[in-house]
Structure formats: C-alpha cells, structure tokens
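Open the model in your viewer and keep the selection panel at hand. The stops below say what to select and what is there.

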Amino acid sequence: MDFENLLYNCNEGIATLYINRPKALNALNAATIRELISAFTRIGADAEVKLVILTGSGEKAFVAGADISEMQPLDAITGRQFALLGHQLAALIEELPKPVIAAVNGFALGGGCELALCCDIRLASDNARFGQPEVNLGVIPGFGGTQRLARLIGKGRASELIMTGDMVDAAEAYRIGLVNKVYPAAELLAAAQKMAQKIASKGPVAVGLAKAALRDGLETDLTRACAREADLFGLCFATADQKEGMQAFLEKRPAQFAGK
Ligand code: CAA
C-alpha cells in the first residue's frame with residue numbers, strides 16, 4: 001500500500017500501520033484520516049491479514065490529536081463533517097472482523113486518544129501520555145471521546161479527563177484501565193508483535209466473532225447481549241475451524257486453523 005501519511009508492512013498475517021506525519025507529531029488531518037479509512041478497508045478485504053498493529057512513526061507521538069491548523073477555520077457544518085469523518089474511521093476499525101492493537105508510543109491526545117480508544121487492545125510505551133485536551137482549544141472531543149472513554153474507564157474518570165484537559169502518564173493510564181499493559185519504549189513494538197502472534201495462532205473466524213460479540217453486547221442490555229453471544233457461538237459450529245480445534249484437542253495435538 002502506498003500512502004502519503006502512512007507506512008504499511010505485513011509479515012506472516014500481521015499488518016503494521018504507522019501514522020507518519022512527524023512534522024506535526026502525527027496529527028490527523030482529513031487527508032490522513034481518509035488514508036486510514038482506505039488502509040483499513042483494504043485490510044478488511046485482504047484474507048492474508050489476520051490482525052493489525054496501529055502505531056505512530058518516531059519516538060515522540062502516537063497521534064497528537066486532530067490537526068489544529070486544519071480545524072481552526074472550520075464552521076459548524078464543516079466541523080460536524082470533520083467529526084463524522086473521524087467517526088467513520090472509528091466505526092470501520094470497530095467493525096473490522098480482525099483485532100486491531102494500538103501500540104501507543106508517545107502522545108495520544110484528543111483525536112489520537114480517540115483513535116486508540118476504538119482499537120480492541122491498547123499497549124503503551126512508558127513515555128506515552130494520554131489526554132483529551134480539547135477544552136483547552138474551546139471544543140469538545142469530536143472523534144468519539146465523550147462516548148468511548150466513558151464506556152472504557154467510567155463516566156467519572158472520563159469527565160475529569162475531558163473537563164480538565166489534563167494529560168495522564170502511562171502508569172496512570174494503566175491504573176485507570178485505559179491501557180492493557182505498559183512496556184519500556186524500546187520494547188513496545190516487539191511486545192505488540194508477540195501478542196499479535198499469539199492471537200494470530202488462534203482460530204481467526206472465532207477471534208473475529210468474539211470481537212463482534214464484545215462490541216455489540218456492550219451496546220445493548222444483558223438479555224439481548226447474551227442472545228447475540230449465543231447466535232455467534234452457534235455460528236462457530238458452521239466453521240471448519242471449530243471441527244479442527246475440538247478434534248485437535250481430543251487428539252492431543254496443536255490445531256491447524258484454516259480460517260474458515
Ligand atoms: N495539530 C497540528 N499540529 C500539531 C499538533 C496538532 N494536534 N500537535 C503538535 N503539532 C505540531 C506543532 O504545531 C509543532 O509544529 P511546528 O514545529 O511547525 O511549530 C510540532 O507539531 C511539534 O509540536 P510542539 O513543538 O508543540 O512539541 P512539544 O513537544 O513542545 O509539545 C504537545 C507536544 C504537548 C503534544 C503539543 O504539541 C500539543 O499540545 N499539541 C496539541 C495537542 C492537542 O491539543 N490535541 C487535541 C487536538 S483537538 C482534537 O483532537 C479534536 C478531536 O477530538 C477530533
């Protein structure tokens with residue numbers, strides 16, 4: 001894949017996507033968001049890719065927010081359109097039937113924190129900083145932060161971060177459940193690769209269906225959520241991977257998943 005503001009590579013089913021605008025600490029302008037939409041659309045259709053690691057180029061930033069110079073002249077209509085573009089990207093990542101791991105390698109602020117929030121798993125370097133500093137700029141989070149942050153860490157903690165605009169370091173982000181694990185900066189990508197390899201060794205259809213059950217279930221009541229889980233559990237029994245996974249267990253050998 002050839003992009004102006006992204007770098008992409010794929011090895012053994014694990015794609016790594018770098019946001020690459022070092023001059024603006026990887027800030028998301030509209031062009032970069034469109035490139036991310038294009039990249040994730042192609043990844044979704046590429047049977048070779050089992051899983052995505054999303055990270056930022058350089059040592060300083062994952063993404064330092066939406067691009068402030070591009071947003072400054074927006075009006076009510078174009079501001080809303082810009083938010084909807086961010087929401088389109090977030091929904092695409094959440095609906096991708098493949099896990100997306102955010103490897104947060106520095107600042108994850110505003111739209112950058114929101115981008116990490118729509119990923120399935122967040123791993124952070126020990127120099128990462130998280131925040132929703134939009135109120136410093138006279139706006140509110142626009143790429144889903146008011147919603148996904150509250151769902152992940154609770155309304156009280158989300159309110160504090162969003163209303164104060166304060167940044168938290170990686171240790172605090174771990175303490176409040178914003179990230180799953182923290183690593184020394186030099187080890188972050190290798191740790192993300194290791195987790196990616198472990199997930200990629202599982203039945204990929206089951207992993208995708210588990211993602212769907214987690215996503216859909218959190219947006220509805222427990223009765224409907226459990227019904228959705230039962231439907232998706234049943235669907236697993238239509239796959240060759242289920243037959244192979246259970247047969248391999250019974251034969252005391254490793255499963256060979258075909259992804260179908
Ligand atoms: N948009 C555009 N440019 C940005 C940027 C952003 N979000 N963040 C950093 N940059 C640019 C800076 O303007 C600077 O460019 P120049 O060298 O041309 O001056 C370059 O990146 C390096 O930044 P700094 O010199 O500021 O670096 P620093 O180490 O002193 O500070 C920082 C780092 C604390 C992250 C600081 O850059 C900062 O506060 N950035 C803005 C963070 C922010 O407010 N993000 C939220 C944006 S609003 C949003 O995201 C809305 C939404 O929900 C959709």
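**Stop 1: the cavity**

There is one cavity of 30 Å³ or more in the structure. The model is a predicted one. Which residues line the largest cavity? Select Leu28, Ile33, Gly86, Leu89, Ala90, Gly111, Glu114, Leu115, Cys118 and Phe143. Now colour helix 3 (76–95) and helix 4 (111–117), the elements that give two or more residues to this lining. The volume of the largest cavity is about 60 Å³. Sorted by class, its lining has seven nonpolar, two polar and one charged residues. Rolling a probe the size of a water molecule over the atoms is what shows where empty space is left.

**Stop 2: the cysteines**

Stay with Cys118, one of the lining residues. Is Cys118 buried or exposed? Cys118 is buried, at a relative accessible area of 2%. Show its side chain together with that of Cys119, which holds the closest cysteine sulfur, 4.9 Å from the sulfur of Cys118. That is too far for a bond, because a disulfide needs the two sulfur atoms within 2.5 Å.

Next select Cys10. Its closest cysteine sulfur is also in Cys119, but at 17 Å, again too far for a bond. Cys10 is partly exposed, with 31% relative accessible area. How many disulfides does the rule give? The count is zero.

**Stop 3: the sheet**

Switch to a cartoon view and look for the sheet. It is open and made of six strands in the order 1-2-3-5-7-10, with mixed pairing. Which strands stand at the edges? Select strand 1 (6–11) and strand 10 (181–183): each has a single partner strand, so one side of each is left without a neighbour in the sheet. On average, neighbouring strands of this sheet are turned by 20° against each other, with direction ignored.

Inside that order, pick strand 3 (residues 51–56) and strand 5 (residues 100–104). These two pair in the parallel sense, over four bridges. To find a point on the pairing, select Thr55, which stands opposite Ala103 in strand 5.

**Stop 4: two residues with positive phi**

Most residues other than glycine have a negative phi. Two exceptions can be selected here.

Take Asn26, in the loop between strand 2 (14–19) and helix 1 (30–45). The phi of Asn26 is near 60°, a positive value in a residue other than glycine. Asn26 counts as buried, with a relative accessibility of 1%.

Then go to the segment after helix 11 (240–250) and select Lys252. Phi is positive in Lys252 too, near 55°. Is this residue, Lys252, buried or exposed? Lys252 counts as exposed, at 77% relative accessibility.

**Stop 5: Ile162 and Pro141**

Finish on helix 6 (residues 155–164) and select Ile162 within it. Ile162 has a relative accessible area of 12%, and it counts as buried because that class covers values under 20%. Add Pro141 to the selection and draw a distance between the two C-alpha atoms. They are separated by 7.8 Å, although Ile162 and Pro141 are 21 residues apart along the chain.

Notes: Residues are numbered from 1 along each chain as its sequence is written. This is a predicted model: local features need pLDDT of at least 70, side-chain atom pairs count only at pLDDT 80 or more; totals for chains, interfaces and linings use all residues. Side-chain values use heavy atoms; hydrogens and water are left out. Buried means under 20% relative accessible area, exposed over 50%, partly exposed in between (1.4 Å probe, protein chains only). On a 1 Å grid over the protein atoms alone, a cavity is a set of points where a 1.4 Å probe fits but cannot get out, and a pocket is an open set with protein on both sides within 12 Å along at least five of seven lines; lining residues have an atom within 4 Å of a point. Grid points are joined across faces, edges and corners, and a volume is the space filled by probe spheres set on the points. Ala, Val, Leu, Ile, Met, Phe, Trp, Tyr, Cys and Pro count as nonpolar, Asp, Glu, Lys and Arg as charged, and the others, Gly among them, as polar. Two strands pair if DSSP finds at least two bridges between them. Axes are lines fitted to C-alpha atoms, for helices over the stretch in contact, and angles run from 0 to 180 degrees between N-to-C directions.
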